[in-house]
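This report walks through a predicted model. Look over the sequence and the structure before reading on.

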Amino acid sequence: MSILDEFRAWLEGRSEEESFFSGTFWLLFSRLPEVEFHRALELNAVSVSPIPAVARSTTSTVYMRTGNSVRATFAELPVHRDNFRILFSLDKPAQALRPMYRLLTRTRGRVSLFPLGAPLVKACARLVPGQPLEETQVLRGVSYPTRPSYGGADINLRPGNASVFFARLREDRRVLKTAKLRAPTGKSSFCEFTVGRAGYITYHKGTLGPLLDLVASELPKKLSDSVRPFEKAGGRFVEFRFEEPLFVDRTNYSVVVDALSHLPRTSLALLHTNPYFHAALTNYEDGSEFDIFITGHSTISIQGREEASPASFLRIQNGLTEQFRDASVSLERPAEFGMQDLLDGQV
Amino acid sequence: MTSLSKAEDQIREHFSVVLKEYGAFDRTLSALSSLSFILSEIREIAHETEMVDFRPKILSIDADSDLYTPDGLIVSKRCDFVLELKTSWDEKDVPQILKYGQSPGFILPDGKNQAFRPNKCVLLGYQNPPGLANLDSLFNAWESHKFPFPLVVFRYSLESAPEGDRMYFARVAYARNGLCPASKLGEALNNPRGFPVSADRYKLHRSRFHKANDQVIASYAAVIWWTKYVKHYLSEEQRSEMADRGRLSSPLVLKWEEINTIPELADVKVPLGPKDVQRALEFLAQAKLVSFKRRLGAYKIELKEDRYIRVPRDGPITRADAQDIAIKILARWARNKVKAPVDRSRAKSGKAGRRRTPTRDPRQASFF
C-alpha cells in the first residue's frame with residue numbers, strides 16, 4: 001500500500017463520518033527549492049500527524065478588526081512535479097482561503113496559488129477517461145456576471161449537467177468562481193468535489209481514487225505545461241499576438257480594459273490610450289505587477305515586474321482568452337539593431 | 001445659470017491646462033525611454049557607451065554650491081554627453097545650460113569625482129523648439145563663455161505613423177547650433193533627417209522612468225503614485241485582505257512622517273522621491289481622492305478592488321476618455337479646484353496636529 005493509498009483510505013473514511021466534509025487540496029506554484037519552500041511557508045516537521053503521508057504542516061491565523069480570528073492548518077502532501085506542490089487542509093475552503101492568502105503573503109510572491117480557469121475546471125469534471133461530460137452533474141456553480149464590485153452578488157447558476165453548464169458559462173462570458181461537481185467514477189460510484197478558481201480542489205464524499213489521481217498526477221502536468229511560456233519571462237515582454245489586426249480601431253482598447261478589469265482581486269489603472277495603450281495591473285492574490293502595452297495593431301505586450309509569478313501571467317491569459325480567441329503566446333525576442341537601422345527609421 | 005456656466009468653463013480651462021502639462025511630461029519620459037533604448041540596444045552605440053546615468057550629479061564650478069542634476073549623463077568611449085530635456089523654452093534655461101557647460105566633472109556611482117574629458121557635449125532637447133530670438137539669446141550666452149565643446153539643441157516629438165507611434169529626434173536647423181563630436185550617438189543626432197524610435201521598441205524602458213531626474217509635475221506624480229506606489233504601503237494583513245476580498249475593510253492611513261519612506265520598486269531607474277510624493281498627495285487631496293486628517297497627522301486613502309474613481313457628471317470628461325485613470329484624476333482635480341477647493345489653512349494646521357497622539361487602532365495607523 002503506497003503512502004497516498006493510505007491517505008486516500010483515511011480521507012474516504014473521514015468523509016463517511018461527517019455529513020458535510022471538506023478536505024481541500026491547495027495547488028501551489030513555486031520555483032523555490034524544497035528547503036526554501038518549507039522555510040518560506042514555515043512548514044515545520046510534525047512528529048506525529050493525524051493525517052497519513054504528512055510530514056510537515058503550518059498554521060496560519062488572520063486576526064480580524066472585529067477581534068475575531070480565523071485559523072487554518074495546512075499540511076504538505078508528498079506530491080511534487082516541476083514547480084507544482086500541494087498543501088492539504090481540513091477546513092472549508094471559504095474559511096481557509098484567507099489564512100492561505102496570509103500564508104502566501106509572507107512569501108512575497110515566491111509561492112502562489114495556481115489559478116484554475118474554466119477550461120481546467122472543465123477538464124476536472126471528467127474523472128474517468130472517456131466518460132461523457134453529460135454524466136457529470138454540477139450541484140452548484142458560482143460565477144461572476146461582471147466584476148463583483150459592480151453591484152452584483154455572485155450568481156448561482158442552475159445545477160445541471162456539466163456539458164450544458166460549461167457551454168452556458170462560455171456563451172454568457174461569466175467568470176467561474178467555484179463549481180461543485182458530482183462525477184461518476186464507475187458504474188455505480190461517484191465522487192463529489194468542488195473546484196475553486198483561486199486554485200484549490202475540495203473533496204466532499206464518494207470514491208476518492210480518481211480525484212486523487214487527477215490532483216497528484218494529471219493536473220500537475222497540465223498546470224506545469226500551462227505556465228511554461230511564462231516561467232522564462234523574467235523582465236521580458238510576453239506577447240499575445242492575434243491573427244486579426246484588432247487594434248486598428250482604438251475603440252477595441254475598451255474590450256481589453258474590460259477583459260483585464262474582469263480579473264478578480266486586481267486593480268487596473270489605464271495610464272493612457274493615446275497615443276498608445278499603457279495600463280498598470282496589480283494582482284493582489286500574489287502581489288504580481290504588470291505593465292500592459294498595445295503599440296501595434298495585433299499584439300498585447302505584457303511585462304511583469306521582477307517578482308511577477310507565472311501563475312499570475314496565467315490569470316491574465318485566462319482573462320484575455322475569455323474575450324479574444326486565437327492568441328498565440330510568445331516571449332518577445334530581444335531585438336538586434338544596428339546604426340543603419342536607426343538612421344533608416346527602422347527602429 | 002450664468003454662474004453655473006462660468007464655473008463649468010473654469011473647470012474645462014483648468015482641466016485643459018493640466019492635461020496638456022501632463023501629456024507633455026509623459027512625452028518627456030517617453031523621450032528618455034527612447035534614448036535609454038538606443039543607448040543599450042543599438043549595437044554600435046551600446047558598444048561605445050561606457051556609462052549611462054539618468055540620475056546623474058554633476059559638480060558645480062563653485063565647490064560650495066549644490067550639485068547639478070541634469071536629466072542624463074552618457075559617458076561614451078570618445079565623448080561625455082550631458083543631457084537635459086525640456087518641454088518648451090524658459091528664460092531660466094540659459095543659466096542652467098551655462099552651469100552644465102561650466103561643470104568640471106561628475107560623481108561616479110562609487111561616490112568619487114571624475115573630471116569631464118575635453119571632448120564634452122551638452123545636449124538640450126525641446127518638445128517645442130524655441131523661436132529664433134530665444135535661440136539667439138541662448139547661443140549668445142553660450143558663445144560668450146567660449147566653451148571648447150558644443151551645445152546641441154534638438155527637438156523630440158511623439159508622432160503617429162502608419163506602422164505605429166514613434167518618438168522622433170532631430171537636431172534643430174539653426175546656423176549656430178552645435179554638432180555632436182565624433183561618436184555613434186553623435187552621428188545619430190547629427191543626422192540631417194533625424195531618427196525615430198517606435199513606441200513598440202522603447203516600451204520596454206518606459207516603466208523605468210517615473211520622472212525626469214530633477215523634477216516631476218504634481219499631476220504626473222499624483223497619477224504615478226496612485227497607480228504604482230500606493231499598494232506598496234500595505235501591511236501583510238492588508239495584503240492578505242486585498243487578496244481575499246479585493247478591498248480593505250477600512251481606509252489605509254499613511255502617517256505624515258511615513259511619506260519620506262518611499263517603497264523601492266524593482267527595475268525603476270528614476271523613481272519618485274519624498275518631495276515628489278508630498279506633491280502627489282497634495283494634488284490627490286485637491287482632487288478629493290485623499291483626505292488629510294489633521295488630528296491624525298495622516299493621509300487617509302480609500303483602497304478598493306479597482307480603486308474606482310468616480311467623476312462627477314459635470315466633469316470635463318468625454319466618454320472616449322472615461323476609462324483613463326489619469327484623465328479621471330485630472331478631471332476630479334479641476335472640478336474640485338473650482339467647486340470645492342481645499343482649505344489650505346486647515347492643511348497647514350494639520351502639520352501641527354501630527355504631534356497629537358493617534359487614537360486609532362495601531363495596525364491601521366501604519367499605512368493607508
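Which residue of strand 6 of chain B stands opposite Leu85(B)? It is Gly125(B). That pair belongs to a parallel match: strand 3 and strand 6 (residues 120–126) of chain B are joined over 7 bridges.

## Chain B overall

The model is predicted, not experimental. Chain B contains 12 helices and 12 strands. It has 368 residues, and 45% of them are buried.

Contacts in chain B often span long stretches of sequence. Taking those between residues at least 6 apart in sequence, 71% link residues at least 24 apart.

## The seven-stranded sheet

Chain B has an open sheet of 7 strands. The strand order is 1-2-3-6-7-8-9, and the pairing is mixed. Strand 1 (49–53) and strand 9 (195–198) of chain B sit at the edges. Each has a single partner strand, so one side of each lacks a neighbour in the sheet. On average, neighbouring strands of this sheet are turned by 25° against each other, direction ignored.

At one edge, strand 9 of chain B pairs with strand 8 (residues 164–171) of chain B. The two run antiparallel and share 4 bridges. Here Phe169(B) stands opposite Phe195(B) of strand 9.

## Strand 3 and its partners

Strand 3 (residues 80–86) of chain B is mostly covered, with 7 of its 7 residues buried. In a regular strand, side chains alternate between the two faces of the sheet. On one side of strand 3 of chain B are Asp80(B), Val82(B), Glu84(B) and Lys86(B). On the other are Phe81(B), Leu83(B) and Leu85(B). Both faces are covered, and all of these residues are buried.

Strands of a sheet pair through backbone hydrogen bonds, either parallel or antiparallel. Strand 3 of chain B shows both senses. Its pairing with strand 6 of chain B is parallel. Its pairing with strand 2 (residues 72–76) of chain B is antiparallel, with 4 bridges. Strand 2 and strand 3 of chain B form a hairpin, with 3 residues between them. Ile74(B) stands opposite Phe81(B) of strand 3.

## Helix 7 against helix 9

Two packed helices are described by the angle between their axes and the distance between the axes. For helix 7 (residues 218–229) and helix 9 (residues 274–286) of chain B, the angle is about 90° and the axes are 8 Å apart. Helix 7 of chain B is therefore roughly perpendicular to helix 9 of chain B.

Which residues meet in this contact? Helix 7 of chain B brings Ala218(B), Ser219(B), Ala221(B), Ala222(B), Trp225(B) and Trp226(B). Helix 9 of chain B brings Asp276(B), Val277(B), Arg279(B), Ala280(B), Glu282(B), Phe283(B) and Leu284(B). By class, the residues of this contact are 9 nonpolar, 1 polar and 3 charged.

## Chain A and the interface

How many residues does each chain put into the contact between chain A and chain B? Chain B gives 46 residues and chain A gives 49 residues. On the side of chain B, helix 8 (residues 236–245) gives the most, with 6 residues. That side of chain B has 21 charged, 14 nonpolar and 11 polar residues.

Chain A is assigned two domains: domain 1 (3–231) and domain 2 (237–331). The C-alpha centres of domain 1 and domain 2 of chain A lie 26 Å apart.

Technical notes. Residues are numbered from 1 along each chain as its sequence is written. Chains are lettered from A and ligands numbered from 1 in the order in which they are written. This is a predicted model: local features need pLDDT of at least 70, side-chain atom pairs count only at pLDDT 80 or more; totals for chains, interfaces and linings use all residues. Two residues are in contact if their C-beta atoms, placed from the backbone, lie within 7 Å. Ala, Val, Leu, Ile, Met, Phe, Trp, Tyr, Cys and Pro count as nonpolar, Asp, Glu, Lys and Arg as charged, and the others, Gly among them, as polar. Axes are lines fitted to C-alpha atoms, for helices over the stretch in contact, and angles run from 0 to 180 degrees between N-to-C directions. Angles under 35 degrees count as roughly parallel, over 145 as roughly antiparallel, 65 to 115 as roughly perpendicular and the rest as oblique. Domain bounds come from an automatic or database domain assignment. A residue is buried if 20 or more other C-beta atoms lie within 10 Å of its own, exposed if 12 or fewer, and partly exposed in between; C-beta atoms are placed from the backbone. Two strands pair if DSSP finds at least two bridges between them.
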